[in-house]
Amino acid sequence: MIRRYGEQVKQGQRYKRRPGVYAILLDGEELLATHQAEPVPEYQLPGGGIDPGEHPVAALHREVFEETGWKIAVTRRLGAFRRFTYMPEYDLWAEKVCSIYLAHPVRRLGPPSEAGHRAVWMPARAGLDLLGNDGDRAMLARVLGLLR
């Protein structure tokens, strides 16, 4: 069973399963995150949905580039968690299955191409307070050695 974070499942609500990939991007003590302005301003691990027929690692490279403008080197898959949430930008109740990878930023190729996103460097430990969802924070804590 994959651990669930966030809001409770709403009884009677139908959720569409939405697999996604996200990266913890560390460079020494610094974390590269993305800030998404809409629908609710928040810091996030860069990443997003896997398109039909797309390999998860290819999706990770694409999503990180779109949201940060950076090329990355993927180290390994860390694990996964689930979130049940409403996604207003898609008018969708989703069961997000979030696979998290550890990766390193390699080179900035330009600004983010996805509207409403900007790349943000922060101390990795600051991400424990600033990232917008419990699952992202828990996976970062695990990488930083704060959880077992």
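In which helix is Glu63 found? I looked this up in the predicted model, and I noted that Glu63 belongs to α1, the helix that covers residues 56–68.

I then checked whether Glu63 is buried or exposed. Its relative accessibility is 8%, and because the cut-off for a buried residue is under 20%, I entered Glu63 as buried. Its side chain makes a polar contact with the side chain of Arg62 at 3.0 Å, and, once residues up to four places away in sequence are set aside, I found Glu63 touching Gly47, Gly48, Gly49 and Glu114.

Next I turned to the nonpolar cores. The largest holds 19 residues, and Ile24, Leu31 and Ile100 have the most contacts inside it. I traced this core to β1 (16–27), β2 (30–36), β5 (70–87), β6 (92–108), β7 (117–123) and α3 (134–143), each of which supplies at least two of its residues. A second core, separate from this one, has 11 residues, among them Val21, Ala59, Trp70 and Ala103.

For Leu31 I listed the contacts beyond its neighbours within four places in sequence, and these include Ile24, Leu25 and Leu26, as well as Val120, Trp121, Met122 and Leu140.

My last entry concerns α3, where I recorded Gly135, Asp136, Ala138, Met139, Leu140 and Ala141 as the buried residues; they pack against β1, β2, β3 (42–44), β5, β6 and α2 (127–130). At the start of α3, I saw that a side-chain oxygen of Asn133 comes to within 3.0 Å of the backbone nitrogen of Gly135, while Gly145, which follows the helix, has a positive phi near 80°.

Definitions and conventions. Residues numbered from 1 in each chain as written. Predicted model: local features only at pLDDT ≥ 70, side-chain atom pairs only at ≥ 80, totals over all residues. Heavy atoms only, no water. Core = buried A, V, L, I, M, F, W, Y, C linked by side-chain atoms within 4.5 Å. Buried < 20%, exposed > 50% of the residue type's maximum accessible area, 1.4 Å probe, protein only. Helix = DSSP H or I, 4+ residues; strand = E, 2+ residues; numbered from the N terminus. Contact = heavy atoms within 4.5 Å. Polar contact = N/O pair within 3.5 Å; in protein donor to acceptor, adjacent residues only side chain to side chain.
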